[in-house]
Amino acid sequence: MRIIVEDTEEQFHIASALEVTKQVIAKPNSVVTFAGGETTVGLYRELTHLYQEWRIDFSKMKAFTLDEYVGLSPDDPRSVSYRIRYQVLNHIGVQSDHIYMPDGMAEDLQKACTTYDRLLDEHPVDLEILGIGSNGHIGFNEPGTPFHLDTHVSNLTSRTAKDKAGFFGAVGSVPVQGITVGIRRIMRSKHILLLAKGKSKSEIIKQALMGPITTDVPASVLQLHPSLTIVLDKAAAELM
Ligand code: GLP
């Protein structure tokens, strides 16, 4: 694994954006998976900046989102789909027919998972962008999730609901389920970029990268990936 530690939050966002840009310059038709959450907001801002300033060509890139809240439509500003489109994909010249998102509104969620898996089968992922939950989740693969799952519906833990309460206004307003790319699929991607910033992530980053590989800390499985790059700010790297 390659670990990059940046002094400031701004450098953290720039370093993360350069990792994505490097991939797209080397392979313009890369398949990239985008994660939601707060950690990636600055990365997406920087990608927009790099597109405008450096004229990086993202038009051949294919973009998948990593997960979605069950029950939120892509037009809901709280959905992962909405946020990723408006934070980045709509601003960097990605073609609309190159954007794929799991359907959190599907009546048949199982079918929605199978459909997404089929799309991912057709588009092997070159770069998987991941954040990490304070309980070690990646995507919505919560602690205890078997490592062999593909796209599936997951029940969000009370810890995740607590972490997301600020964003949704109250714990009770956080959706109770998510649809997520599973760990087996995440591990199949060619490269993984794991991002974490802030003191609140320092303990889980230590456990994920230096602790035992266990389903109790889903991100610990990433230790087994042959091409893992981790970008941290100083605060998240504090216990390493
Ligand atoms: C969310 C998402 C993840 C994200 C993680 C961290 O629930 N399912 O894809 O990476 O939690 O979120 P944040 O960056 O807001 O801490």
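In this predicted model, E203 has a relative accessibility of 38% and therefore counts as partly exposed, since that class lies between the cut-offs of 20% and 50%. The residue belongs to helix α7, which covers residues 202–210. A useful landmark for placing E203 is N135: the two are 68 residues apart in sequence, and their C-alpha atoms lie 9.5 Å apart in space.

R55 offers another stop for a reader finding the way around. This residue sits in the loop that links α2 (41–54) with β3 (62–65). Its relative accessibility is 68%, so R55 counts as exposed. The backbone here also deserves a look, as R55 has a positive phi of about 55° although it is not a glycine.

Attention can now turn to a sheet. Three strands, in the order β4-β8-β7, form an open sheet with antiparallel pairing. The edges are taken by β4 (67–69) and β7 (152–155); each has a single partner strand, so one side of each is left without a neighbour in the sheet. From one strand to the next, the twist averages 25°. Between β4 and strand β8 (residues 177–180), which run antiparallel, there are 3 bridges. To follow the pairing by eye, one can start at D67, whose bridge partner in β8 is T180. The sheet also has a helix packed on it: α4, made of residues 109–122, touches β7 and β8. The direction of helix α4 makes an angle of about 25° with that of β8.

Methods
Residues are numbered from 1 along each chain as its sequence is written. This is a predicted model: local features need pLDDT of at least 70, side-chain atom pairs count only at pLDDT 80 or more; totals for chains, interfaces and linings use all residues. Side-chain values use heavy atoms; hydrogens and water are left out. Two strands pair if DSSP finds at least two bridges between them. Helices (H or I, at least four residues) and strands (E, at least two) are DSSP runs, numbered from the N terminus. Axes are lines fitted to C-alpha atoms, for helices over the stretch in contact, and angles run from 0 to 180 degrees between N-to-C directions. Contact means heavy atoms within 4.5 Å. Buried means under 20% relative accessible area, exposed over 50%, partly exposed in between (1.4 Å probe, protein chains only).
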